[in-house]
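Subject: Structure for your review

Dear colleague,

Please find below the structure that I am handing over to you. My notes on what was found in it follow directly after.

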Amino acid sequence: MKKFAAITASVMISAALATGASAAEADPVVPVLDEPIIQAEYTVIAPNPIELLSITSFYSAPNGDMLSALAPQSVHPTGQIIDDWVEIYTWLGKAWIYVPNYVPDYS
């Protein structure tokens, strides 16, 4: 195991040195942009976290298949809302929870 660790470390150091050497040879070019890279119409400002006070099921889509359940916690919405359904980030990726009368808070 020690031999494997030593070989891995030497390969990583060699790669780092090669990367540094190639970066030093290149002339730095600073691009000048006339407009922002990200346009305002393509941005989504996500609302503040939602506090779940009880075990809450989450779904693949609004009225879709149930994926799992969440223990009480704060969850982060993606900014997507359909009726009383709010899309959130979970350990399984994006999912939907049912939050009746949800009003996003952007403060």
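How many residues does the hairpin use to join S6 to S7? The answer is two. Please bear in mind throughout that this is a predicted model.

Overall architecture

The protein chain contains one helix and seven strands, and along the sequence these elements follow the pattern α-β-β-β-β-β-β-β. Of the 107 residues in the protein chain, 19% are buried. Among contacts in the protein chain with a separation of 6 or more, 38% are between residues 24 or more positions apart.

Strand S6 and its two partners

Strand S6 covers residues 85-90, and five of its six residues are buried. On one side of the pairing scheme is strand S5, residues 77-82, which pairs with S6 in the antiparallel sense over three bridges. One of the residues involved is Pro77, whose bridge partner in S6 is Ile88. S5 and S6 also form a hairpin, with two residues between them. In that turn, Asp83 has a positive phi of about 55°.

S6 pairs as well with strand S7, residues 93-98, again in the antiparallel sense, and here over six bridges.

Glu87

The residue in S6 to which I would draw your attention is Glu87. Its bridge partner in S7 is Trp96. Glu87 is buried, yet it has no salt bridge. Why does Lys94, the nearest side chain of opposite charge, not provide one? Lys94 is 4.8 Å away, whereas a salt bridge requires a distance within 4 Å, so the pair does not qualify.

The side chain of Glu87 does make a polar contact, at 2.7 Å, with the side chain of Thr78. Leaving aside neighbours within four places in sequence, Glu87 is in contact with Pro77, Thr78, Gly79, Gln80, Lys94, Ala95 and Trp96.

Aromatic residues

A search of the whole structure finds three aromatic pairs. One of them is formed by Phe58 and Trp91, with an edge-to-face arrangement: the separation is 5.3 Å centre to centre, and there are 80° between the planes. Phe58 lies in strand S2, residues 56-59, and Trp91 in the loop between S6 and S7, so the pair ties together parts that are 33 residues apart in sequence.

Are these two residues buried or exposed? Phe58 counts as buried because its relative accessibility is 0%. Trp91, by contrast, has a relative accessible area of 58% and is therefore exposed.

In addition, Tyr59, Trp85 and Tyr98 form one aromatic cluster.

In summary, the principal points are the buried Glu87, which has no salt bridge but makes a polar contact with Thr78, and the Phe58 and Trp91 pair, which is edge-to-face.

With kind regards

Key. Residues are numbered from 1 along each chain as its sequence is written. This is a predicted model: local features need pLDDT of at least 70, side-chain atom pairs count only at pLDDT 80 or more; totals for chains, interfaces and linings use all residues. Side-chain values use heavy atoms; hydrogens and water are left out. Helices (H or I, at least four residues) and strands (E, at least two) are DSSP runs, numbered from the N terminus. Buried means under 20% relative accessible area, exposed over 50%, partly exposed in between (1.4 Å probe, protein chains only). Lys and Arg count as positive and Asp and Glu as negative; His and the chain ends are not counted. A polar contact is a pair of N or O atoms within 3.5 Å; within protein, one must be able to donate a hydrogen and the other to accept it, and residues adjacent in sequence count only if both atoms are side-chain atoms. Contact means heavy atoms within 4.5 Å. Two strands pair if DSSP finds at least two bridges between them. Rings of Phe, Tyr and Trp (its six-membered ring) pair if their centres lie within 6.5 Å; planes under 30 degrees apart count as stacked, over 60 as edge-to-face and the rest as tilted.
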